[in-house]
Number of protein chains: 2
Amino acid sequence: MAYTLQSERRFPCQLCPLLRQPNYRKFGKKELEFVAGFKRGELTVDRGATVLGEGTRNPHLYTVLTGWGFRYKLLADGRRQIVNYVLLGDLIGLQGSLMGEMQHSVETLSPMILCVFERGQLMSLYREHPELGYDLTWLASREESILDEHLLSVGRRTAMERLSYLIAFLVDRARAAGIVDGSSPTLPITQTHVADTLGLSLVHTNKTIRKLADRKLLRWAERGCEVIDGDGLAQLARWEGNREWIRPFL
Amino acid sequence: MAYTLQSERRFPCQLCPLLRQPNYRKFGKKELEFVAGFKRGELTVDRGATVLGEGTRNPHLYTVLTGWGFRYKLLADGRRQIVNYVLLGDLIGLQGSLMGEMQHSVETLSPMILCVFERGQLMSLYREHPELGYDLTWLASREESILDEHLLSVGRRTAMERLSYLIAFLVDRARAAGIVDGSSPTLPITQTHVADTLGLSLVHTNKTIRKLADRKLLRWAERGCEVIDGDGLAQLARWEGNREWIRPFL
DNA sequence: CGCTTACTTGAGTCTGGTCAAACGGGGTGG
DNA sequence: CCACCCCGTTTGACCAGACTCAAGTAAGCG
């Protein structure tokens with residue numbers, strides 16, 4: 001696992017790739033300057049690296065600039081539950097910054113570049129740029145509503161519905177983030193990740209995936225899920241979809 | 001279902017019962033004045049009333065002054081998932097205020113008195129009192145970390161562990177809110193609520209409750225759960241407990 | 001070439017679901 | 001005052017969705 005903290009920047013804020021995404025909100029000049037000053041550097045990590053660990057106190061906050069990752073919690077005996085995924089523009093470590101200690105871990109699914117911020121400066125953000133403070137609450141609130149939906153899924157949907165929901169959800173987010181192309185986007189996850197997200201065993205997850213593959217709603221590739229019919233999946237899960245037009249980020 | 005919006009106030013902010021709770025943070029004088037100005041009135045609702053409905057746009061935000069309630073989501077065919085409970089000092093409707101439309105509903109478990117705020121004035125809160133804005137993010141972030149734990153529970157714990165966790169969790173929150181007394185506090189929930197929280201059927205929930213009752217960890221009363229050994233329950237669930245010292249509120 | 005990771009598949013088991021019925025308490029209309 | 005009903009709880013019988021165990025294949029890598 002290689003961690004690289006760069007002082008020279010591949011993505012100075014003024015050229016931040018997030019600014020070019022159509023459904024990511026724009027910054028005012030002053031805000032952009034403030035955020036640029038807030039930024040401490042960039043962190044590059046390999047696939048499979050742990051960005052933040054449960055129980056730790058990390059002095060940093062991160063925004064995802066490229067790549068995929070996931071948040072999870074463990075029980076003492078190793079049972080794992082993935083609670084959500086992180087991608088372009090998502091903020092990592094806010095919960096730890098506010099409550100002191102991380103209550104979950106974050107691991108990458110692909111190589112990832114992160115924008116690094118200083119925890120300690122958070123309060124000055126609220127003081128000097130109330131709109132950015134509002135945006136942070138917005139992000140936390142959005143996470144909350146995603147978790148509500150996941151909980152509904154794991155608690156009350158059948159295995160088939162859960163799987164359909166998850167894949168539809170992920171492809172929806174990837175589309176909103178503008179990081180997938182064309183008609184059959186591919187998600188960089190393994191069946192083990194799917195199982196640990198849905199609260200199912202690996203074997204049963206595999207059998208459920210086969211059924212959806214037989215129905216031509218998706219195809220399973222090496223280390224990834226190729227989504228053939230996202231709408232069909234959403235429908236099967238009775239899921240309304242994320243209706244999200246413009247989102248903030250830091 | 002009776003809804004009563006009172007203009008005369010039983011709880012003027014200066015005498016807010018929340019100010020007397022030891023683990024609820026104190027307000028500065030200016031903040032208190034601001035919040036008092038932010039307050040629009042009080043709402044009194046019966047047990048079983050719906051405070052906020054999924055899909056609606058309510059111009060208000062609420063803080064719980066007395067009583068218990070729960071947040072839930074429904075699937076089209078009526079399957080219900082309770083995602084969390086609300087009690088003293090919890091903010092209801094923030095998600096809807098930020099994202100426009102409520103993505104979940106809130107129903108009461110007991111008569112409830114709520115403090116009513118105006119959605120539209122939220123931004124001025126961030127501008128005039130950055131610390132309060134920070135506190136809102138804190139609250140959203142805490143909700144997020146509770147949901148993470150619930151997800152872990154529903155996804156990866158066994159029926160017995162889930163039940164133990166839920167009861168330990170609720171009694172912990174009630175204690176932190178200072179709304180339960182003595183050694184065997186009683187939670188105002190039915191077995192149907194428990195089932196819909198844990199993602200189990202009512203029948204199986206009942207059988208699991210019987211087992212814990214046989215082990216003398218709890219006793220089931222009329223419409224409620226009397227908790228005999230909260231620590232034993234937490235241990236059985238392998239749950240660490242909420243370590244929360246001081247919390248904010250509005 | 002051997003090792004590891006990811007995916008598959010079959011067989012047998014078990015946790016938890018469904019169906020059905022019954023009980024007790026509280027409220028209500030006759 | 002009583003009969004009835006509804007709600008919440010309880011229990012038994014049976015069923016099934018999901019789990020565990022086990023084994024095997026294919027691809028990628030040092």
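Helix H7 of chain A gives 5 residues to the surface near DNA strand C, the largest share from any element. Keep in mind as you look around that this is a predicted model. Let's start at the DNA, then turn to the two protein copies and to chain A itself.

**The surface near DNA strand C**

- In total, 16 residues surround DNA strand C, and the closest are A:Thr190, A:Gln191, B:Ala159, B:Ser201 and B:His204.
- Two or more residues each come from helix H6 (191-198) and helix H7 (202-214) of chain A, and from helix H7 (202-214) of chain B.
- By residue type, this surface has 7 polar, 6 nonpolar and 3 charged residues.

**How chains A and B are related**

- Turn chain A by 180 degrees, with 0.0 Å of shift along the axis, and chain A superposes on chain B with an RMSD of 0.0 Å.
- This is the relation of a two-fold axis.
- In chain A, the C-alpha nearest that axis belongs to A:Thr137, at 2.3 Å.
- Both copies use the same surface, as 100% of the contact residues of chain A recur in chain B.

**Chain A on its own**

- Chain A contains 8 helices and 12 strands.
- The C-alpha trace of chain A spans about 55 × 40 × 30 Å along its principal axes.
- The radius of gyration of chain A is 18 Å, which agrees with the value near 18 Å for a compact globule of 250 residues.
- Of the 250 residues in chain A, 46% are buried.
- Take the contacts in chain A between residues at least 6 apart in sequence: 75% of them join residues at least 24 apart.

Methods:
Residues are numbered from 1 along each chain as its sequence is written. Chains are lettered from A and ligands numbered from 1 in the order in which they are written. This is a predicted model: local features need pLDDT of at least 70, side-chain atom pairs count only at pLDDT 80 or more; totals for chains, interfaces and linings use all residues. Helices (H or I, at least four residues) and strands (E, at least two) are DSSP runs, numbered from the N terminus. The radius of gyration is taken over C-alpha atoms; the globule rule is 2.2 Å times the number of residues to the power 0.38. A residue is buried if 20 or more other C-beta atoms lie within 10 Å of its own, exposed if 12 or fewer, and partly exposed in between; C-beta atoms are placed from the backbone. Two residues are in contact if their C-beta atoms, placed from the backbone, lie within 7 Å. A residue is near a molecule or strand if its C-beta atom, placed from the backbone, lies within 6 Å of it. Ala, Val, Leu, Ile, Met, Phe, Trp, Tyr, Cys and Pro count as nonpolar, Asp, Glu, Lys and Arg as charged, and the others, Gly among them, as polar. Copies are superposed by least squares on the C-alpha atoms of residues with pLDDT of at least 70 in both.
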